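I opened the notebook to log what I looked up, chain by chain. Entries are short and in the order I made them.

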Amino acid sequence: MSLFKPVELLLVEDNPFDEELALKALRKHHLANDIVIARDGAEALDFIFGTESVSGVLEDPPRVILLDLNLPKIGGLEVLRQLKGDARTRTIPVVVMTSSAEESDLIDSYQLGANSYVVKPVDFEEYTEVVRVLGRYWLLCNKTAPSAPDNTLQV
Amino acid sequence: MGGRLAGLVDGLENADPANGDLHVAQHIAGSADEIGALARAFNAMTDRLHASYCKMKSEIAERQRAEERLAGVIISAMDGIITVNTRREIVLVNPAAERMFGYRADDLQGKALDILIPERFHAVHTGHVENFGRTGVTNRAMGHLGRIVACRADGSEFPIEASISQMGGSEERLYTVILRDITLRVAVEAEAKALTTALQRRVEERDHAIQELEAFSYSVSHDLRAPLRAIDGFSRLALEEHGDQSDPELQRYLRMCSENAKRMGQLIDDLLGLSKVGRQVLKSRVVDAVKQVHECLAQLESEREGRQIEITVGDLPSYEADPGLVQQVWMNLIGNALKYTTKVATAQIEIGSLLAQNDTVVYYVRDNGAGFDMRYADKLFQMFQRLHRAAEFPGTGVGLATVARIVRRHGGRVWAESTPGAGATFYFTLREGEIYVPLQAS
């Protein structure tokens, strides 16, 4: 994790196979330049909000966060709650990307302020296509909110 | 004078008091002297006596009749009746009480009432009666002793319900206790309570099972799909990245891996859909059936592309049902009709309705496709049961199980008939009631 190089995409994914497939799909479409991977909810929050050793919220937030829901330690919905509940991180686009097509997860995610909700297809071709579309849209088409002056943590 | 006095005495001796005839002979009473006056006075007195006698006689008879009626009531009463005096000694026991306690009335006569009550309740019961004696002022006062435990001659105990009243003012005061054996009622109540408890437990168990099922489906939805994606993904990557170097057999294996992973993914999705149908709360409203069928046909457009298909939509009355769920019924049935007609030159699909005898609308989807063997008709609507090989017609065997579950949840029925090679007709209703089953389609 680097604090100095801007990160384009934060992938929060605990399943190493899904991670590898996502990276393959992104690379195939040349969309995987600056990706950071968090393997559970706690890692994701530490990356964004800083830890005791590296304090302070990330200065250059990622253009998009791809967030799985079923995560060890801190679940995806809790990560979402904290990101969207904090004025400094509220504007970072979060795409929930999960295996769950459960209605309750959909409702909860949108209630918490998710910007998009995508069910991971089982079919790898479809999966690749979804990752490509997401990558193109959020990394190339979408314009993110400019960093607010108070976007950094006052220590 | 002496002869007339003797005649008076003689008349008195010969009078028949039993018949009230105490009159002195008229020839004596008719004379004007003192003896005559005495005889007349005597006759007047006997008249009064006779009247009083007659009155008493009829009163006694009336009283006897009343007592007989009362005795009849007491004897024929279904409830046990026991009368006790203030010393709580038994004065009267009716046959119902004899039967109830297993004693003869003679055996109880004069015994203490305690003989009929288990020893451990003696004190309490004495208290009840004494309390009643103190408070019950009038003859009609009726006290409820409620449920008490009684004791039969053989020592067995049984529950009774008792009420008490007191009688007698100037004479000795008596308490009458009316008893009802409530063994049966208590047993029935206990059984009802046990059943209620059992039912409550089952409801709780069911709720728990539903919660577990929800957790299970959630977990299936999350956890089973990820490995499948990995299986499909990596076998695809192997093919993509190394396909040109590997031998054709290996490539075929990899394709089979990926196909089976996808098939299992489809199975999981269908299963989740089925479990959702069971859990979901019905949100019923009036639905325009024709409109809904046309929406389904529009959604199935891609399945119809490049095929020769004749679809007729007949008269379809609206129904009150959960629109989303019934949509799934039509999608499945029409989708099946499209699928199983892929091998006929011109597919003919007829969607219509019939009116059953009791005004129940029966909807149907008829096709001229592959059909099925009626011998296996009962398997059609069971989960994972298929009547065709996947190579012939793809499918997971969940669609019709889902249809059956949706229809059942609406109180309706689904059934089918077919002649192999000549097509099939699937019928369903969406409300409760007996339905007439149409004859085999010709």
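**Entry 1: chain A overall.** I am working on a predicted model. I began with the contacts in chain A between residues at least 6 apart in sequence: 71% of them join residues at least 24 apart. I then listed the elements and found five helices and five strands in chain A. Read from the N terminus, they run β-α-β-α-β-α-β-α-β-α. I also checked burial: of the 155 residues in chain A, 37% are buried.

**Entry 2: helix 1 of chain A.** I compared its span with the expected value. Its 13 residues should cover 18 Å at 1.5 Å a residue, and the end C-alpha atoms are 18 Å apart, so the two agree. Which residues of this helix are buried? I noted Asp18(A), Leu21(A), Ala22(A), Lys24(A), Ala25(A) and Leu26(A). After the helix comes His30(A), with a positive phi near 55 degrees.

**Entry 3: where the chains touch.** I counted 16 residues of chain A in contact with 15 residues of chain B. On the chain A side, helix 1 (16-28) and helix 5 (124-141) are the elements that give two or more residues. Helix 1 of chain A supplies the largest share, four residues. By type, this side of chain A has six nonpolar, four polar and six charged residues.

**Entry 4: Glu129(A).** I looked up one residue of helix 5 of chain A, Glu129(A). Is Glu129(A) buried, exposed or partly exposed? I found 14 other C-beta atoms within 10 Å, so Glu129(A) is partly exposed; the buried class starts at 20 and the exposed class ends at 12. I also took its distance to Leu26(A): 9.6 Å from C-alpha to C-alpha, with their positions 103 residues apart in sequence.

**Entry 5: helix 3 of chain B.** I moved to chain B and repeated the span check on residues 34-76. These 43 residues should span 63 Å at 1.5 Å a residue; the end C-alpha atoms are 62 Å apart, which agrees. The number buried among the 43 is one, so helix 3 of chain B lies largely in the open.

**Entry 6: a sheet in chain B.** I traced an open sheet of five strands, in the order 7-9-10-12-11, with mixed pairing. Why does one side of strand 7 (309-313) and of strand 11 (414-419) lack a neighbour in the sheet? Both stand at the edges and each has a single partner strand, so one side of each is left free of a neighbour there. Ignoring direction, neighbouring strands are turned by 15 degrees against each other on average.

I then followed one pair. Strand 9 (residues 347-355) and strand 10 (residues 361-367) of chain B run antiparallel and are joined by seven bridges. Ile349(B) has Asp367(B) of strand 10 opposite. Helix 11 (residues 323-339) of chain B lies across strands 9, 10 and 12 (423-428), at about 30 degrees to strand 10.

**Entry 7: nonpolar cores.** The largest core has 46 residues, and Val414(B) and Phe426(B) touch the most other members. Helix 11 of chain B gives the largest share, eight residues. What does Phe426(B) touch, leaving out residues up to four places away in sequence? I listed Leu333(B), Tyr364(B), Val365(B), Val414(B) and Ala416(B). A second, separate core holds 37 residues, including Ala44(A), Ile48(A), Ile65(A) and Ala114(A).

Conventions. Residues numbered from 1 in each chain as written. Chains lettered and ligands numbered in written order. Predicted model: local features only at pLDDT ≥ 70, side-chain atom pairs only at ≥ 80, totals over all residues. Pairing = 2+ DSSP bridges. Axes fitted to C-alpha atoms, helices over the stretch in contact; angles between N-to-C directions. Contact = placed C-beta atoms within 7 Å. Core = buried A, V, L, I, M, F, W, Y, C linked by C-beta atoms within 7 Å. Nonpolar A, V, L, I, M, F, W, Y, C, P; charged D, E, K, R; others polar. Expected span 1.5 Å × (residues − 1).
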